[in-house]
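Q: I should like to learn how to read the features of a protein model. Could we proceed one feature at a time?

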Amino acid sequence: MRKRLLSVLTALALVAAAAPAAAQDSGADAVANLAWKVGPTQGSIAEKASIKVPEGYAFLDAAGTRKLNELLHNPPTGTDEYTLAPKDLKWFSFFHYNDIGYVKDEESLDPDGILDSIREGTEEGNVERRKRGWETMKIEGWSFKPQYDKNTHNLEWAVLASTSGSADKIVNYNTRLLGRHGVTEVILVADQAGLNEAIGQFKQLVPGYAFNDGEKYSEFKPGDHVAEFGLAALITGGAAAVATKKGFFAAIGIFLLKAWKLVLVGLAAAGGMIAKLFGRKKDAGPE
């Protein structure tokens, strides 16, 4: 993992303005030339669910997302991820299906207690950051407190953080979509200035996400595997602690260490050019 991992969602526009134009064009061109499926179309996620990709958006399968993560300098996760983004690539949403079982949603969420666990886990993660010469992280608070919708079985939250090397704040927006046999984990990546707009656009897309028949949360049957944890663990990384022999907060620290993604420096500044490239690809024929 690289030091840049700890600078996710910082002042992208300022950095982009200082980046050489040739480097911006090169990175933008490489990203735009991945095997995107341009909307209107439909994206398949781990053969467990699908999402509608409307006009103005594009979707990458697992192979394409691995290449995208390389370009964004995100470390490999060892799991399949899928990408949905607007054609100007001002933000990205990464989808990953985790077959952890049926997560019961009877738990009441305690935002203060959850935030304390995230802070302790982050301090554990900082031990590893210092060993590697990385900037340490500080949890500032909630940008958006955890909220669970029992009708849609969706959990969402956003944590506000900072790094030791920058005065700029980092915001990490997450959604968890609960299914019968597992959970789809979604992370939204944008620069800080455009985050609220990106969240608004993303929420309009969520109703287009649907688990396949037999995979819906409402289709649970006695005998199905039930997860050993509840909603709070999906936020703190406690699910990772259950699956490891490490100490609870040490496991959370490792989870949080990997929980941030990058946007490519200069990509937002090149958004108009990227959108034109997508237009040319669509004119040439459907993906």
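Q: Is Lys203 buried, exposed or partly exposed, and what is its relative accessibility?

A: The structure is a predicted model. Buried means under 20% relative accessible area and exposed means over 50%, with partly exposed in between. Lys203 has 37% relative accessibility, so this residue counts as partly exposed.

Q: With which residue does the side chain of Lys203 meet in a salt bridge?

A: A salt bridge requires a side-chain nitrogen of Lys or Arg within 4 Å of a carboxyl oxygen of Asp or Glu. The partner of Lys203 is Glu156, with an N to O distance of 3.5 Å. This pair links distant parts of the chain, 47 residues apart: Glu156 belongs to strand β8, and Lys203 to helix α5 (residues 195-205). Glu156 has a relative accessibility of 15% and therefore counts as buried.

Q: How many salt bridges does a search of the whole structure find?

A: The search finds six. One of them joins Lys48 to Glu215, where the closest N and O atoms are 3.3 Å apart. Lys48 is in the loop between β2 (41-45) and β3 (49-53), while Glu215 is in the loop between β11 and α6 (231-236), so the pair ties together parts 167 residues apart in sequence. Lys48 is partly exposed at 24% relative accessible area, whereas Glu215, at 12%, counts as buried.

Q: Which parts does the salt bridge between Lys150 and Asp105 tie together?

A: Lys150 lies in the loop between β7 and β8, and Asp105 in the loop between β6 and α4; the pair therefore ties together parts that are 45 residues apart in sequence. Their side chains meet at 3.4 Å, N to O. Asp105 is buried, with a relative accessible area of 11%. The loop between β6 (91-98) and α4 also holds Ser108, which is exposed at 66% relative accessible area. Ser108 and Tyr148 are 40 residues apart in sequence, and their C-alpha atoms are 9.4 Å apart in space.

Q: How should a helix be read, and which residues of α4 are buried?

A: An α-helix has 3.6 residues a turn, so residues three or four places apart point the same way. Helix α4 (residues 111-131) contains 21 residues and reaches 30 Å from its first C-alpha to its last, close to the expected 30 Å. Its buried residues include Ile114, Leu115, Ile118, Gly121, Thr122, Gly125 and Arg129. Just after α4, Gly133 takes a positive phi of about 75°.

Q: Which way do the residues of strand β4 point, and with which strands does β4 pair?

A: A strand may be read first by its side chains and then by its partners. In β4 (residues 57-60), Tyr57 and Phe59 point one way, Ala58 and Leu60 point the other way, and all are buried. Strand β1 (residues 37-38) pairs with β4 in the antiparallel sense over two bridges, and Val38 has Ala58 as its bridge partner. Strand β5 (residues 82-86) also pairs with β4 in the antiparallel sense, over four bridges. There Phe59 stands opposite Leu84.

Q: What is the volume of the second largest pocket, and which residues are closest to its centre?

A: A pocket may be read by its volume and then by its lining. The volume of the second largest pocket is about 470 Å³. Of its 21 lining residues, Thr152, His153, Asn154, Leu177 and Val206 are the closest to the centre. The elements that give two or more residues to this lining are β7 (137-149), β8 (154-163), β9 (169-178) and β11 (209-211), and β9 gives the most, with four residues. The lining divides into eleven nonpolar, six polar and four charged residues.

Notes:
Residues are numbered from 1 along each chain as its sequence is written. This is a predicted model: local features need pLDDT of at least 70, side-chain atom pairs count only at pLDDT 80 or more; totals for chains, interfaces and linings use all residues. Side-chain values use heavy atoms; hydrogens and water are left out. On a 1 Å grid over the protein atoms alone, a cavity is a set of points where a 1.4 Å probe fits but cannot get out, and a pocket is an open set with protein on both sides within 12 Å along at least five of seven lines; lining residues have an atom within 4 Å of a point. Grid points are joined across faces, edges and corners, and a volume is the space filled by probe spheres set on the points. Ala, Val, Leu, Ile, Met, Phe, Trp, Tyr, Cys and Pro count as nonpolar, Asp, Glu, Lys and Arg as charged, and the others, Gly among them, as polar. The expected span of a helix is 1.5 Å times one less than its number of residues. Buried means under 20% relative accessible area, exposed over 50%, partly exposed in between (1.4 Å probe, protein chains only). Two strands pair if DSSP finds at least two bridges between them.
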